[in-house]
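Please work through the following exercises with the sequence and the coordinates open beside you. Each task is followed by a solution that proceeds step by step.

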Amino acid sequence: MLNQTADLDRVFQALADPGRRVMVERLSLGPASVSELARPMAMSLAAVVQHVQVLEACGLVRSQKVGRTRTCTINSGVLGSAERWITERRTTWEHRLDRLGDYLAETADGPDLTGGP
Amino acid sequence: MTEHSVTHNTFVIDRTYPAAPERVFAAFASLDAKAQWFGAPRETLVTDPEFDFRVGGHERFVSKHEPATYTYDAVYYDIVPGRRIVYAYEMYQDDARMSVSVATVDLTPDGTGTRLSYTEQGVYFDGLDKPEYREHGTAAQLDKMGTTLAG
């Protein structure tokens, strides 16, 4: 579980990288080996390993080595904490601005309508 | 519950409306217009809303969502008619301050319509890490998060 602000900062920092977001999206579908994560990426295996280490350090991803294969899984609890902070505020405003669009459409014939096509 | 913490977050939402900037601005500039889309629903308000749309003026809503009372208290800092509104607001849950944010509504003409860019920079205080807010992770929400973080 994610209780400390420092951890949340690290989660946001980890997700600020587009390559790491691709990896997290892939892992949200199910576990994958490091080489599977590397396949769609235009980067070396060593670079992918470094990204996985960042994701592990903030708790978003766990990995386990069995034989020669390291398998990564998402820690959905940590992902949920990070999402909550952002989506809650954001969705409130998305809904508001959708309603604003509806309101503007409904009042389109109002006297304050400036010239249009 | 007594843990003290702060978390910062910035998000940006862009919308394009087929309405002139003056009309979009007007939707923010009067209580009657804003009540049509902003919320909270009038039936949840426990006092008459304050609405003083001028630099230095306050906007204040107190609404009841059982079991708590939420207070939204904003101060306008910059108003350029048809172009820009900047304000800061506090959110309270009962007597506990939940967050302080700076919000910018930036309006740009876009053909005969308007591009609206809403930016909110906030600091969120302790006590918000409640299990009931937890949500399951999905790839779709990650896309949103990516947009937010890139914004």
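**Exercise 1. Chain A as a whole**

What percentage of the 117 residues in chain A do buried residues make up? Describe also the secondary structure and the surface of chain A.

Solution. It should be said at the outset that this is a predicted model. Step one concerns burial: of the 117 residues in chain A, 44% are buried. Step two is the inventory of elements, which for chain A comprises 5 helices and 3 strands, arranged along the sequence in the pattern α-α-β-α-α-β-β-α. Step three turns to contacts in chain A between residues at least 6 apart in sequence, of which 49% join residues at least 24 apart. Step four is the surface: chain A has an accessible surface of about 6,200 Å², and carbon and sulfur atoms account for 51% of that area.

**Exercise 2. The sheet of chain A**

State the strand order of the open sheet in chain A, and identify its edge strands.

Solution. The order of the 3 strands in this open sheet is E1-E3-E2 of chain A, and the pairing is antiparallel. Strand E1 (32–33) and strand E2 (61–66) of chain A are the edge strands, each of them pairing on one side only. Looking next at one pair in detail, E2(A) and strand E3 (residues 69–74) of chain A are antiparallel and share 6 bridges; within this pair, A:Ser63 has A:Cys72 in E3(A) as its bridge partner.

**Exercise 3. Helix H2 of chain A and its surroundings**

Determine how H2(A) packs against H4(A), how H2(A) is placed relative to the strands of chain A, and where A:Glu25 belongs in this picture.

Solution. In general, two packed helices are described by the angle between their axes and by the distance between the axes. For H2(A) and helix H4 (residues 45–57) of chain A, the angle is about 75° and the axes are 10 Å apart. Since angles of 65 to 115 degrees count as roughly perpendicular, H2(A) is therefore roughly perpendicular to H4(A). From H2(A), the residues that make this contact are A:Arg20, A:Met23 and A:Val24, while H4(A) contributes A:Val48, A:His51, A:Val52, A:Val54 and A:Leu55.

The next step is the sheet: H2(A) lies across E1, E2 and E3 of chain A, and its direction is at about 85° to E3(A). A:Glu25 is located in helix H2 (residues 18–27) of chain A, and A:Glu25 counts as partly exposed because its relative accessibility is 26%, which falls between the limits of 20% for buried and 50% for exposed. The C-alpha atom of A:Glu25 is separated by 9.3 Å from that of A:Ile74, although the two residues are 49 apart along the chain.

**Exercise 4. The sheet of chain B**

Which strands of chain B stand at the edges of the open sheet, and how does E5(B) pair with E4(B) and with strand E6?

Solution. The open sheet of chain B has 7 strands in the order E1-E7-E6-E5-E4-E3-E2, with antiparallel pairing. Strand E1 (6–17) and strand E2 (50–51) of chain B stand at the edges; each has a single partner strand, so one side of each is without a neighbour in the sheet.

Moving to E5(B), 8 of its 10 residues are buried, and the strand is mostly covered. E4(B) and E5(B) are antiparallel and joined by 10 bridges, with B:Val75 opposite B:Ala88 in E5(B). Their hairpin has 3 residues between the strands, and B:Gly82 there takes a positive phi near 80°.

Strand E5 (residues 84–93) and strand E6 (residues 96–110) of chain B are likewise antiparallel and joined by 10 bridges. Here B:Tyr92 has B:Arg97 in E6(B) as its bridge partner, and B:Glu90 stands opposite B:Val100 in E6(B).

**Exercise 5. Two aspartates of chain B**

Is B:Asp73 buried or exposed, and what phi does B:Asp94 have?

Solution. B:Asp73 lies in strand E4 (residues 68–80) of chain B and is buried, because its relative accessible area of 15% is under the 20% limit. The side chains of B:Asp73 and B:His58 are joined by a polar contact of 2.9 Å. Leaving aside residues up to four places away in sequence, B:Asp73 touches B:His58, B:Glu59, B:Arg60, B:Ala88, B:Tyr89 and B:Glu90.

B:Asp94, in turn, is found in the loop between E5 and E6 of chain B, where the hairpin has 2 residues between its strands. B:Asp94 has a positive phi of about 50° although it is not a glycine, and with a relative accessible area of 41% B:Asp94 is partly exposed.

Definitions and conventions
Residues are numbered from 1 along each chain as its sequence is written. Chains are lettered from A and ligands numbered from 1 in the order in which they are written. This is a predicted model: local features need pLDDT of at least 70, side-chain atom pairs count only at pLDDT 80 or more; totals for chains, interfaces and linings use all residues. Side-chain values use heavy atoms; hydrogens and water are left out. Helices (H or I, at least four residues) and strands (E, at least two) are DSSP runs, numbered from the N terminus. Buried means under 20% relative accessible area, exposed over 50%, partly exposed in between (1.4 Å probe, protein chains only). Two strands pair if DSSP finds at least two bridges between them. A polar contact is a pair of N or O atoms within 3.5 Å; within protein, one must be able to donate a hydrogen and the other to accept it, and residues adjacent in sequence count only if both atoms are side-chain atoms. Contact means heavy atoms within 4.5 Å. Accessible areas come from the Shrake-Rupley method with a 1.4 Å probe; for residues, only the protein chains shown count as cover. Axes are lines fitted to C-alpha atoms, for helices over the stretch in contact, and angles run from 0 to 180 degrees between N-to-C directions. Angles under 35 degrees count as roughly parallel, over 145 as roughly antiparallel, 65 to 115 as roughly perpendicular and the rest as oblique.
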